[in-house]
Amino acid sequence: MDGIVVHSIDRLTRRLAELSSFLDDQREHGFAFATTEGEDTSTAGGRMVLTIKGAVAQQETERMSERINDLLLQRREQGRPHAGGKRQFGFEAGSAFQALDEAETELIREGWRMLTDPSPKTPGDVARHWNAEGSTTPQGRAWTIQSIKRVYRSERTGGIITYKGQDIGDSVYGAPLTRHQWERVQAVLDSRSTPAARDSGKRKHMYSGFLRCGNCGSTMRVQWATIQGRTFRRTFCHSGQSGRDGRLGCGKVSRSYAWIEEQLDALVEAALVSRPPHPRTDLPAEDLTGGINLLEHRVQALRNHWKQGGMEDEDYFASLAHLRAELHDLRSRENAADIRRLRTGTDALAVWRNDDAENLGPRRALVATVIDHVDVFSIGRGRRKPPETTSIAVTPAS
(Lines give C-alpha, C1' and ligand atoms only; values in the text may rest on other atoms or scores of the structure.)
Protein backbone atom coordinates (compact mmCIF):
# COMPACT_ATOMS: atom_id res chain seq x y z
CA MET A 1 0.00 0.00 0.00
CA ASP A 2 1.49 3.37 -1.10
CA GLY A 3 -1.02 5.74 0.50
CA ILE A 4 -4.59 6.51 1.63
CA VAL A 5 -6.84 9.23 0.25
CA VAL A 6 -10.20 10.16 1.84
CA HIS A 7 -12.78 12.81 1.04
CA SER A 8 -12.66 14.26 4.57
CA ILE A 9 -11.38 13.10 7.93
CA ASP A 10 -14.84 12.10 9.15
CA ARG A 11 -14.94 9.55 6.31
CA LEU A 12 -11.94 7.84 7.89
CA THR A 13 -13.03 7.92 11.54
CA ARG A 14 -15.10 9.95 13.96
CA ARG A 15 -13.24 8.89 17.09
CA LEU A 16 -10.19 10.80 18.36
CA ALA A 17 -8.61 7.66 19.80
CA GLU A 18 -8.76 5.93 16.41
CA LEU A 19 -7.42 9.03 14.63
CA SER A 20 -4.49 9.29 17.04
CA SER A 21 -3.69 5.60 16.52
CA PHE A 22 -3.91 6.05 12.74
CA LEU A 23 -1.47 9.00 12.77
CA ASP A 24 0.96 6.99 14.92
CA ASP A 25 0.78 4.12 12.41
CA GLN A 26 1.41 6.56 9.56
CA ARG A 27 4.54 7.92 11.20
CA GLU A 28 5.75 4.39 12.00
CA HIS A 29 5.17 2.88 8.54
CA GLY A 30 5.67 5.99 6.44
CA PHE A 31 2.72 5.66 4.05
CA ALA A 32 1.20 8.74 2.40
CA PHE A 33 -2.12 10.19 3.59
CA ALA A 34 -4.24 12.97 2.11
CA THR A 35 -7.75 14.38 2.14
CA THR A 36 -9.50 16.34 -0.58
CA GLU A 37 -9.59 19.25 1.88
CA GLY A 38 -5.80 19.48 1.76
CA GLU A 39 -4.65 18.58 5.30
CA ASP A 40 -0.89 18.04 5.57
CA THR A 41 0.10 15.40 8.11
CA SER A 42 3.80 15.90 7.58
CA THR A 43 3.87 18.96 9.88
CA ALA A 44 2.85 19.52 13.49
CA GLY A 45 0.45 22.29 12.41
CA GLY A 46 -1.22 20.02 9.86
CA ARG A 47 -1.68 17.24 12.39
CA MET A 48 -3.17 19.76 14.87
CA VAL A 49 -5.73 20.92 12.27
CA LEU A 50 -6.56 17.31 11.48
CA THR A 51 -7.01 16.56 15.18
CA ILE A 52 -9.33 19.56 15.61
CA LYS A 53 -11.45 18.39 12.68
CA GLY A 54 -11.50 14.92 14.19
CA ALA A 55 -12.73 16.34 17.50
CA VAL A 56 -15.50 18.22 15.67
CA ALA A 57 -16.51 15.00 13.86
CA GLN A 58 -16.60 13.09 17.17
CA GLN A 59 -18.70 15.84 18.80
CA GLU A 60 -21.20 15.67 15.93
CA THR A 61 -21.44 11.90 16.31
CA GLU A 62 -22.06 12.23 20.05
CA ARG A 63 -24.67 14.95 19.49
CA MET A 64 -26.41 12.75 16.92
CA SER A 65 -26.44 9.89 19.43
CA GLU A 66 -27.92 12.20 22.08
CA ARG A 67 -30.63 13.36 19.67
CA ILE A 68 -31.51 9.77 18.78
CA ASN A 69 -31.67 8.77 22.45
CA ASP A 70 -33.84 11.80 23.25
CA LEU A 71 -36.16 10.86 20.37
CA LEU A 72 -36.38 7.25 21.57
CA LEU A 73 -37.16 8.38 25.11
CA GLN A 74 -39.81 10.78 23.80
CA ARG A 75 -41.42 7.95 21.83
CA ARG A 76 -41.44 5.76 24.93
CA GLU A 77 -42.98 8.50 27.07
CA GLN A 78 -45.73 8.84 24.45
CA GLY A 79 -46.44 5.11 24.81
CA ARG A 80 -44.97 4.14 21.45
CA PRO A 81 -42.74 1.03 21.67
CA HIS A 82 -39.45 0.66 19.87
CA ALA A 83 -40.22 -0.66 16.40
CA GLY A 84 -37.00 -2.61 15.85
CA GLY A 85 -36.05 -6.17 16.63
CA LYS A 86 -37.37 -9.59 15.70
CA ARG A 87 -41.07 -10.29 15.43
CA GLN A 88 -42.56 -11.26 18.74
CA PHE A 89 -45.28 -13.86 19.14
CA GLY A 90 -48.67 -12.16 19.36
CA PHE A 91 -47.87 -9.27 17.00
CA GLU A 92 -48.25 -9.11 13.24
CA ALA A 93 -45.07 -9.19 11.18
CA GLY A 94 -44.04 -5.76 9.89
CA SER A 95 -46.49 -3.90 12.14
CA ALA A 96 -43.77 -2.42 14.40
CA PHE A 97 -45.57 -4.01 17.39
CA GLN A 98 -48.66 -1.92 16.73
CA ALA A 99 -51.05 -4.61 15.41
CA LEU A 100 -51.95 -7.87 17.10
CA ASP A 101 -52.16 -11.27 15.46
CA GLU A 102 -55.59 -12.36 16.65
CA ALA A 103 -54.93 -16.13 16.53
CA GLU A 104 -51.64 -15.85 18.44
CA THR A 105 -53.12 -13.37 20.90
CA GLU A 106 -55.91 -15.81 21.69
CA LEU A 107 -53.35 -18.56 22.36
CA ILE A 108 -51.46 -16.24 24.72
CA ARG A 109 -54.66 -15.50 26.62
CA GLU A 110 -55.59 -19.18 26.76
CA GLY A 111 -52.12 -19.93 28.12
CA TRP A 112 -52.51 -17.14 30.68
CA ARG A 113 -55.76 -18.68 31.90
CA MET A 114 -54.06 -22.09 32.16
CA LEU A 115 -51.17 -20.67 34.20
CA THR A 116 -53.33 -18.57 36.56
CA ASP A 117 -56.22 -21.01 37.02
CA PRO A 118 -57.00 -22.05 40.64
CA SER A 119 -55.65 -25.45 39.57
CA PRO A 120 -52.76 -24.02 37.57
CA LYS A 121 -51.08 -25.76 34.68
CA THR A 122 -47.37 -25.51 33.94
CA PRO A 123 -45.48 -23.83 31.08
CA GLY A 124 -44.95 -27.35 29.76
CA ASP A 125 -48.72 -27.83 29.56
CA VAL A 126 -49.01 -24.55 27.65
CA ALA A 127 -46.25 -25.66 25.24
CA ARG A 128 -48.03 -28.96 24.55
CA HIS A 129 -51.32 -27.13 24.00
CA TRP A 130 -49.82 -24.64 21.55
CA ASN A 131 -48.00 -27.41 19.67
CA ALA A 132 -51.23 -29.41 19.45
CA GLU A 133 -52.94 -26.35 17.96
CA GLY A 134 -50.32 -26.30 15.19
CA SER A 135 -48.66 -23.12 16.43
CA THR A 136 -44.93 -22.47 16.09
CA THR A 137 -42.52 -19.84 17.36
CA PRO A 138 -41.87 -16.82 15.11
CA GLN A 139 -38.76 -18.72 13.96
CA GLY A 140 -40.89 -21.71 12.90
CA ARG A 141 -39.83 -24.01 15.75
CA ALA A 142 -41.86 -26.13 18.13
CA TRP A 143 -42.73 -24.62 21.51
CA THR A 144 -40.66 -25.58 24.54
CA ILE A 145 -40.89 -24.60 28.20
CA GLN A 146 -38.17 -21.98 27.72
CA SER A 147 -39.80 -20.36 24.69
CA ILE A 148 -43.17 -20.22 26.48
CA LYS A 149 -41.54 -18.45 29.42
CA ARG A 150 -39.89 -15.94 27.08
CA VAL A 151 -43.30 -14.96 25.70
CA TYR A 152 -44.80 -14.37 29.15
CA ARG A 153 -41.67 -12.72 30.56
CA SER A 154 -41.58 -10.10 27.80
CA GLU A 155 -42.87 -6.68 28.87
CA ARG A 156 -44.31 -6.19 25.38
CA THR A 157 -46.75 -9.02 26.03
CA GLY A 158 -48.23 -6.86 28.80
CA GLY A 159 -48.10 -3.62 26.80
CA ILE A 160 -45.40 -2.20 29.09
CA ILE A 161 -42.96 0.34 27.68
CA THR A 162 -39.39 0.21 29.02
CA TYR A 163 -36.37 2.41 28.41
CA LYS A 164 -32.92 1.21 29.47
CA GLY A 165 -34.50 -1.37 31.74
CA GLN A 166 -36.94 1.02 33.44
CA ASP A 167 -40.73 0.84 33.26
CA ILE A 168 -41.94 4.24 32.00
CA GLY A 169 -45.54 3.60 30.98
CA ASP A 170 -48.08 1.67 28.94
CA SER A 171 -48.26 1.24 25.18
CA VAL A 172 -50.89 3.23 23.32
CA TYR A 173 -51.33 0.23 21.05
CA GLY A 174 -52.96 -3.07 21.95
CA ALA A 175 -51.18 -5.93 23.73
CA PRO A 176 -52.05 -9.60 24.25
CA LEU A 177 -52.33 -9.08 28.03
CA THR A 178 -53.08 -6.14 30.27
CA ARG A 179 -50.47 -4.88 32.71
CA HIS A 180 -52.37 -6.48 35.60
CA GLN A 181 -52.52 -9.83 33.81
CA TRP A 182 -48.82 -9.66 32.95
CA GLU A 183 -47.85 -8.88 36.54
CA ARG A 184 -50.00 -11.74 37.77
CA VAL A 185 -48.33 -14.25 35.47
CA GLN A 186 -44.91 -12.98 36.62
CA ALA A 187 -45.88 -13.82 40.18
CA VAL A 188 -46.97 -17.29 39.06
CA LEU A 189 -43.71 -17.94 37.19
CA ASP A 190 -41.64 -16.57 40.08
CA SER A 191 -43.44 -18.82 42.55
CA ARG A 192 -42.62 -21.87 40.45
CA SER A 193 -38.91 -21.05 40.14
CA THR A 194 -36.50 -22.23 42.81
CA PRO A 195 -32.85 -21.34 43.35
CA ALA A 196 -30.59 -23.75 41.49
CA ALA A 197 -28.79 -26.25 43.68
CA ARG A 198 -25.04 -25.89 43.88
CA ASP A 199 -23.30 -27.53 40.87
CA SER A 200 -26.72 -28.43 39.43
CA GLY A 201 -25.67 -27.04 36.03
CA LYS A 202 -22.63 -29.33 35.79
CA ARG A 203 -22.62 -32.59 33.88
CA LYS A 204 -23.03 -35.66 36.07
CA HIS A 205 -22.41 -38.37 33.43
CA MET A 206 -19.31 -38.82 31.31
CA TYR A 207 -20.97 -38.77 27.89
CA SER A 208 -24.01 -36.56 28.45
CA GLY A 209 -23.98 -33.93 25.73
CA PHE A 210 -22.07 -36.20 23.34
CA LEU A 211 -24.93 -38.63 22.63
CA ARG A 212 -27.39 -37.90 19.82
CA CYS A 213 -30.52 -39.69 18.72
CA GLY A 214 -29.73 -41.72 15.62
CA ASN A 215 -33.30 -41.22 14.39
CA CYS A 216 -33.88 -37.44 14.73
CA GLY A 217 -30.50 -36.00 15.72
CA SER A 218 -31.54 -34.32 18.99
CA THR A 219 -29.22 -34.44 22.00
CA MET A 220 -30.08 -37.37 24.26
CA ARG A 221 -30.46 -37.10 28.02
CA VAL A 222 -28.85 -39.35 30.61
CA GLN A 223 -30.53 -40.03 33.95
CA TRP A 224 -31.12 -42.63 36.60
CA ALA A 225 -34.35 -44.62 36.23
CA THR A 226 -36.16 -47.23 38.28
CA ILE A 227 -38.27 -49.69 36.29
CA GLN A 228 -39.84 -52.82 37.84
CA GLY A 229 -37.69 -52.42 40.94
CA ARG A 230 -34.44 -52.19 38.98
CA THR A 231 -32.44 -48.92 39.15
CA PHE A 232 -30.11 -48.16 36.27
CA ARG A 233 -28.87 -45.31 34.08
CA ARG A 234 -30.50 -44.81 30.72
CA THR A 235 -30.02 -42.44 27.81
CA PHE A 236 -33.07 -41.45 25.83
CA CYS A 237 -34.39 -39.08 23.19
CA HIS A 238 -36.71 -36.62 24.94
CA SER A 239 -39.79 -35.44 23.06
CA GLY A 240 -39.40 -31.99 24.61
CA GLN A 241 -35.80 -31.51 23.42
CA SER A 242 -35.17 -29.44 20.28
CA GLY A 243 -33.48 -31.41 17.52
CA ARG A 244 -32.60 -30.70 13.92
CA ASP A 245 -34.36 -27.79 12.18
CA GLY A 246 -35.86 -26.71 15.52
CA ARG A 247 -38.15 -29.74 15.72
CA LEU A 248 -38.78 -31.58 18.96
CA GLY A 249 -37.12 -34.93 19.62
CA CYS A 250 -38.83 -38.06 18.32
CA GLY A 251 -38.74 -39.92 21.65
CA LYS A 252 -38.16 -43.22 19.83
CA VAL A 253 -34.71 -44.17 21.14
CA SER A 254 -34.11 -45.30 24.73
CA ARG A 255 -31.06 -47.34 25.72
CA SER A 256 -29.23 -48.59 28.77
CA TYR A 257 -26.34 -46.20 29.36
CA ALA A 258 -23.88 -48.64 30.97
CA TRP A 259 -23.04 -50.58 27.78
CA ILE A 260 -22.57 -47.38 25.77
CA GLU A 261 -20.29 -45.93 28.45
CA GLU A 262 -18.21 -49.11 28.50
CA GLN A 263 -17.69 -49.03 24.72
CA LEU A 264 -16.77 -45.36 24.66
CA ASP A 265 -14.43 -45.66 27.67
CA ALA A 266 -12.45 -48.32 25.81
CA LEU A 267 -12.34 -46.20 22.67
CA VAL A 268 -11.12 -43.08 24.50
CA GLU A 269 -8.41 -44.95 26.43
CA ALA A 270 -7.16 -46.64 23.26
CA ALA A 271 -6.94 -43.24 21.55
CA LEU A 272 -5.01 -41.73 24.48
CA VAL A 273 -2.60 -44.69 24.67
CA SER A 274 -1.84 -44.44 20.94
CA ARG A 275 -0.96 -40.75 21.12
CA PRO A 276 2.76 -39.97 20.91
CA PRO A 277 4.05 -38.59 24.24
CA HIS A 278 4.91 -34.92 24.48
CA PRO A 279 7.72 -33.54 26.62
CA ARG A 280 6.39 -32.79 30.07
CA THR A 281 6.53 -29.25 31.36
CA ASP A 282 5.74 -28.77 35.02
CA LEU A 283 3.18 -26.01 35.36
CA PRO A 284 2.37 -24.22 38.60
CA ALA A 285 -0.98 -25.36 39.95
CA GLU A 286 -3.64 -22.66 40.23
CA ASP A 287 -6.81 -23.56 42.08
CA LEU A 288 -9.55 -21.21 40.91
CA THR A 289 -12.48 -23.21 42.29
CA GLY A 290 -12.90 -21.02 45.38
CA GLY A 291 -12.95 -17.82 43.35
CA ILE A 292 -15.45 -19.24 40.85
CA ASN A 293 -17.77 -20.46 43.61
CA LEU A 294 -17.58 -17.06 45.35
CA LEU A 295 -18.51 -15.21 42.15
CA GLU A 296 -21.39 -17.62 41.46
CA HIS A 297 -22.68 -16.96 44.98
CA ARG A 298 -22.39 -13.19 44.46
CA VAL A 299 -24.32 -13.41 41.16
CA GLN A 300 -27.14 -15.33 42.86
CA ALA A 301 -27.23 -12.89 45.80
CA LEU A 302 -27.31 -9.93 43.40
CA ARG A 303 -30.19 -11.49 41.43
CA ASN A 304 -32.20 -12.11 44.62
CA HIS A 305 -31.57 -8.52 45.81
CA TRP A 306 -32.78 -7.16 42.46
CA LYS A 307 -35.89 -9.39 42.39
CA GLN A 308 -36.84 -8.08 45.84
CA GLY A 309 -36.69 -4.49 44.56
CA GLY A 310 -33.50 -3.63 46.37
CA MET A 311 -31.79 -1.95 43.42
CA GLU A 312 -32.52 -0.17 40.16
CA ASP A 313 -32.43 -2.11 36.89
CA GLU A 314 -29.51 -0.11 35.47
CA ASP A 315 -27.41 -0.74 38.58
CA TYR A 316 -28.35 -4.43 38.54
CA PHE A 317 -27.42 -5.02 34.90
CA ALA A 318 -24.17 -3.06 35.25
CA SER A 319 -23.16 -5.06 38.35
CA LEU A 320 -24.23 -8.33 36.73
CA ALA A 321 -22.14 -7.61 33.62
CA HIS A 322 -19.10 -6.89 35.82
CA LEU A 323 -19.48 -10.12 37.82
CA ARG A 324 -20.06 -12.20 34.70
CA ALA A 325 -16.93 -10.75 33.08
CA GLU A 326 -14.88 -11.73 36.14
CA LEU A 327 -16.49 -15.20 36.17
CA HIS A 328 -15.78 -15.67 32.46
CA ASP A 329 -12.14 -14.69 33.01
CA LEU A 330 -11.68 -17.22 35.85
CA ARG A 331 -13.37 -20.01 33.91
CA SER A 332 -11.23 -19.24 30.84
CA ARG A 333 -8.09 -19.44 32.96
CA GLU A 334 -9.28 -22.70 34.51
CA ASN A 335 -10.01 -24.22 31.09
CA ALA A 336 -6.66 -23.02 29.71
CA ALA A 337 -4.85 -24.64 32.64
CA ASP A 338 -6.71 -27.92 32.05
CA ILE A 339 -5.82 -27.86 28.36
CA ARG A 340 -2.14 -27.16 29.07
CA ARG A 341 -2.04 -29.95 31.62
CA LEU A 342 -3.79 -32.44 29.35
CA ARG A 343 -1.46 -31.89 26.39
CA THR A 344 1.17 -34.29 27.76
CA GLY A 345 0.54 -37.96 27.03
CA THR A 346 1.51 -39.17 30.51
CA ASP A 347 -0.72 -36.62 32.24
CA ALA A 348 -3.64 -37.41 29.94
CA LEU A 349 -3.64 -41.09 30.85
CA ALA A 350 -3.23 -40.32 34.55
CA VAL A 351 -6.17 -37.93 34.44
CA TRP A 352 -8.29 -40.34 32.42
CA ARG A 353 -7.71 -43.26 34.79
CA ASN A 354 -8.61 -41.17 37.84
CA ASP A 355 -12.36 -41.85 38.07
CA ASP A 356 -13.02 -39.77 41.18
CA ALA A 357 -16.25 -37.76 40.94
CA GLU A 358 -14.44 -34.42 41.22
CA ASN A 359 -12.29 -35.37 38.22
CA LEU A 360 -15.27 -35.67 35.86
CA GLY A 361 -14.69 -32.27 34.23
CA PRO A 362 -11.07 -32.92 33.15
CA ARG A 363 -12.02 -36.42 31.95
CA ARG A 364 -14.83 -34.96 29.83
CA ALA A 365 -12.31 -32.48 28.40
CA LEU A 366 -10.23 -35.48 27.29
CA VAL A 367 -13.30 -37.11 25.73
CA ALA A 368 -13.85 -33.95 23.67
CA THR A 369 -10.36 -34.36 22.18
CA VAL A 370 -11.31 -37.83 20.93
CA ILE A 371 -15.07 -37.75 20.23
CA ASP A 372 -17.18 -35.10 18.53
CA HIS A 373 -20.52 -36.89 19.00
CA VAL A 374 -22.06 -40.36 19.09
CA ASP A 375 -25.23 -41.36 17.21
CA VAL A 376 -27.27 -43.87 19.22
CA PHE A 377 -29.77 -46.14 17.44
CA SER A 378 -32.70 -48.13 18.79
CA ILE A 379 -32.16 -51.86 19.36
CA GLY A 380 -35.77 -52.77 20.11
CA ARG A 381 -37.18 -54.34 23.26
CA GLY A 382 -36.74 -57.68 24.97
CA ARG A 383 -33.17 -58.28 23.83
CA ARG A 384 -31.11 -60.65 26.00
CA LYS A 385 -27.74 -60.58 24.20
CA PRO A 386 -25.41 -57.54 24.23
CA PRO A 387 -26.15 -54.90 21.59
CA GLU A 388 -24.25 -54.88 18.32
CA THR A 389 -21.36 -52.42 18.14
CA THR A 390 -23.06 -50.96 15.05
CA SER A 391 -25.90 -49.71 17.29
CA ILE A 392 -23.74 -46.65 17.99
CA ALA A 393 -21.78 -44.56 15.48
CA VAL A 394 -18.87 -42.47 16.76
CA THR A 395 -17.83 -39.31 14.95
CA PRO A 396 -14.21 -38.50 15.91
CA ALA A 397 -13.18 -35.02 17.00
CA SER A 398 -11.56 -33.07 14.18
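**Exercise 1. Which residues does L211 touch in this predicted model, leaving out residues up to four places away in sequence?**

Solution. Start at L211 and collect its contacts, skipping anything up to four places away in sequence. With contact taken as heavy atoms within 4.5 Å, you pick up S218, T219, M220, V222 and T235. Carry on along the chain and you add Y257, I260, L264, V374 and V376.

**Exercise 2. Work out which residues touch the most other members of the largest nonpolar core, and which elements supply it**.

Solution. First, the core: it has 28 residues, and Y207, L211 and I371 touch the most other members. Next, the suppliers: strand 5 (211-213), helix 8, helix 11 (345-352), helix 12 (360-370) and strand 9 (371-376) each put in at least two residues. Then look for the top contributor: helix 8 gives the most, with six residues. Finally, don't mix in the second, separate core, which has 16 residues, L107, W112, L115 and I148 among them.

**Exercise 3. Find the order of the three strands in the open sheet, and explain why one side of each edge strand has no neighbour**.

Solution. Lay the strands out: the order is 6-7-8, with antiparallel pairing. Strand 6 (221-227) and strand 8 (254-256) are at the edges with a single partner strand each, so one side of each lacks a neighbour in the sheet. From one strand to the next, the twist averages 40°. Now zoom in on strand 7 (residues 230-236): three bridges join it to strand 8, and F236 sits opposite S254 in strand 8.

**Exercise 4. Say which strands helix 8 lies across**.

Solution. Trace helix 8 (residues 257-274): it lies across strand 6, strand 7 and strand 8. Its direction is at about 65° to strand 8.

Key
Residues numbered from 1 in each chain as written. Predicted model: local features only at pLDDT ≥ 70, side-chain atom pairs only at ≥ 80, totals over all residues. Heavy atoms only, no water. Pairing = 2+ DSSP bridges. Helix = DSSP H or I, 4+ residues; strand = E, 2+ residues; numbered from the N terminus. Axes fitted to C-alpha atoms, helices over the stretch in contact; angles between N-to-C directions. Core = buried A, V, L, I, M, F, W, Y, C linked by side-chain atoms within 4.5 Å. Buried < 20%, exposed > 50% of the residue type's maximum accessible area, 1.4 Å probe, protein only.
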